[in-house]
Amino acid sequence: MLMLKQHFSANTQGHLVIGGADAVELAERFGTPLYVVDEQRVRENYQRFYRAFAERWSSVLVCYALKANFNLAICKILQGEGAGADVSSGNELRNALGVGIPGNRMVFNGNYKSLPELELAITNNVLINVDSLQELEAIEGLASRLGKRARIGLRVNPDVKTPTHPYIATGLRDSKFGFDVASGQAIEAYKLASRMQNIEVVGIHSHIGSQILDVGPFEEAAKKLMALVAEVKKLNINLKFVDLGGGIGIPYKPDDPELKPEEVAEHIVSVVKRVVEEKNLARPTLVFEPGRYIVADSGVLLARVGYTKKRPDMPTWIAVDAGMNALIRPALYGAYHHIELANKIREKNEQLVNVAGPLCESGDFLGKERKLPAAEPGDLAVIFDVGAYGLVMSSQHTAQPRPAMVLVNRGKAEIIRKRECYEDLTRLDQIPGWLK
Ligand code: LLP
């Protein structure tokens, strides 16, 4: 057994308890593979993040990044906490509206926003973080046709190195995102936007990457953005929203460091304060777009052990009923997710194992060279920290229906996403007439 994060415990039967519910009972009641989300943990994470900044700066908007987990119940919890929304597609925007988050508390990000998506955003007064000149022109055209003024910010590329997986680092100069700062493109775009009739220029945005556990890159980005805010003010453009994106990481491995939101807030706010005073700027609203920090550690994946296979001098293979179809992060990024046996949570981890899923690919594993208690068919594996980028990135590879998701709170449990069934896999398929 490991040191569990504080929102987990073990009961007298030696079972893992999440949100007051026995994981073994949840698996029996709802079947496996099963995503389980702890409602109180989502609320606590949001509150801690919000307070870290709100206690240090008077105007703060925390926009939950729906891409981490756009399930409606999760969105509803965060709406209840007062969160805004960072949406990266029209459908995420619909989800956020659907749970009652007003458009003027949303930001819309991405390098390819389609015209219908932009129209939805403009109609609902969403702050659009523009990623290119062509997008800016498209917005001007649409807003004019709709008889509206579109609220926009510019996504800039601050060229900040981030110590994370290259697939999720977005702030380097060669990344596909944002206007280049160093060459002056960002300033030129501000000039152009400010002359457009149907555009209200209100913000600046950057997102340097994800799963960052070091405060340095956030501070560097804040400095670069604030320098630009001061530059832009010389053009008579006062930016009301300074949006530093998301990216605060969480400890996935037991010995990973923790990056406290208070530490990030302390550094960022002191940069903002200094520049605001030195350059005599109006105090902007600070916007943040955390996804992973809010939901990752609130979720676990429960998977049933089916078979075990011992081999001489090598880790024992343990096959569970969830693989890269249910959780792709290990296969895609080599990501580490901690694994335990939920029904043997107090037992010693003494067997060296590889944990594999049921798919016909060697990349289909959840963890390699891990230590678990001696595993047998029927045991229940628990994979931790899957509340962000888990079920939302799942697939139907090898015609595996996607798992269900259950919300737990003080011992109560209810389905928030149904398990897919065979009909869901074939529902959209059609056999052309000439084959019939
Ligand atoms: N804002 C923008 C513009 C983003 O692109 C992202 C994430 C976020 C906010 C939220 O970042 P967070 O706070 O969650 O780090 N699938 C990958 C993560 C991709 C993140 C993409 N952008 C993973 O599983 O690690």
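Look at helix α1 from its outer side: the face turned away from the buried side carries E28 and R29, both exposed. Keep in mind that this is a predicted model. Now flip to the inner side of α1, which spans residues 23-30; here A23, V24, L26, A27 and F30 are buried. Seen down the helix axis, those buried residues fall within an arc of 160°, so they line one face of α1. The two ends of the helix are worth a look as well. At the N-terminal end, D22 acts as the cap, with a side-chain oxygen 2.7 Å from the backbone nitrogen of V24. Just after α1 comes G31, with a positive phi of about 85°.

Next, head to strand β12, residues 241-243, where you'll find D243. D243 is buried but has no salt bridge, and the nearest side chain of opposite charge, R155, sits 8.9 Å away. What does the D243 side chain reach? It reaches the backbone nitrogen of G245, at 2.9 Å. L244 belongs to the loop between β12 and α9. With a relative accessible area of 5%, L244 counts as buried. In space, L244 and I208 are 8.3 Å apart, C-alpha to C-alpha, although 36 residues separate them in sequence.

On to the charged pairs. Side chains of opposite charge can pair when their charged atoms come close. There are 20 salt bridges in the structure. One of them joins R56 and E266, at 2.7 Å from N to O. That pair links distant parts of the chain, 210 residues apart: R56 is in the loop between α2 and β5, and E266 is in helix α9. Both partners are partly exposed, R56 at 24% relative accessible area and E266 at 43%.

K344 and D379 make another salt bridge, with their closest N and O atoms 2.9 Å apart. K344 lies in the loop between β16 and β17 and D379 in the loop between β18 and β19, so the pair ties together parts that are 35 residues apart in sequence. Are these two buried or exposed? K344 counts as buried at 9% relative accessibility, and D379 is buried too, at 4%. Elsewhere, salt bridges with shared partners join E39, R43 and E81 into one network.

For a change from charges, finish with I431, W434 and L435, which make a nonpolar surface patch of about 430 Å². L435 lies in the segment after α12, and its relative accessibility of 57% makes it exposed.

Key:
Residues are numbered from 1 along each chain as its sequence is written. This is a predicted model: local features need pLDDT of at least 70, side-chain atom pairs count only at pLDDT 80 or more; totals for chains, interfaces and linings use all residues. Side-chain values use heavy atoms; hydrogens and water are left out. Buried means under 20% relative accessible area, exposed over 50%, partly exposed in between (1.4 Å probe, protein chains only). Helices (H or I, at least four residues) and strands (E, at least two) are DSSP runs, numbered from the N terminus. The arc is that of the directions from the helix axis to the C-beta atoms. A polar contact is a pair of N or O atoms within 3.5 Å; within protein, one must be able to donate a hydrogen and the other to accept it, and residues adjacent in sequence count only if both atoms are side-chain atoms. Patches are made of residues with over 30% relative accessible area and no salt bridge: like charges are joined within 9 Å, nonpolar side chains (Val, Leu, Ile, Met, Phe, Trp, Tyr) within 5 Å. Accessible areas come from the Shrake-Rupley method with a 1.4 Å probe; for residues, only the protein chains shown count as cover. A salt bridge is a side-chain nitrogen of Lys or Arg within 4 Å of a carboxyl oxygen of Asp or Glu. Lys and Arg count as positive and Asp and Glu as negative; His and the chain ends are not counted.
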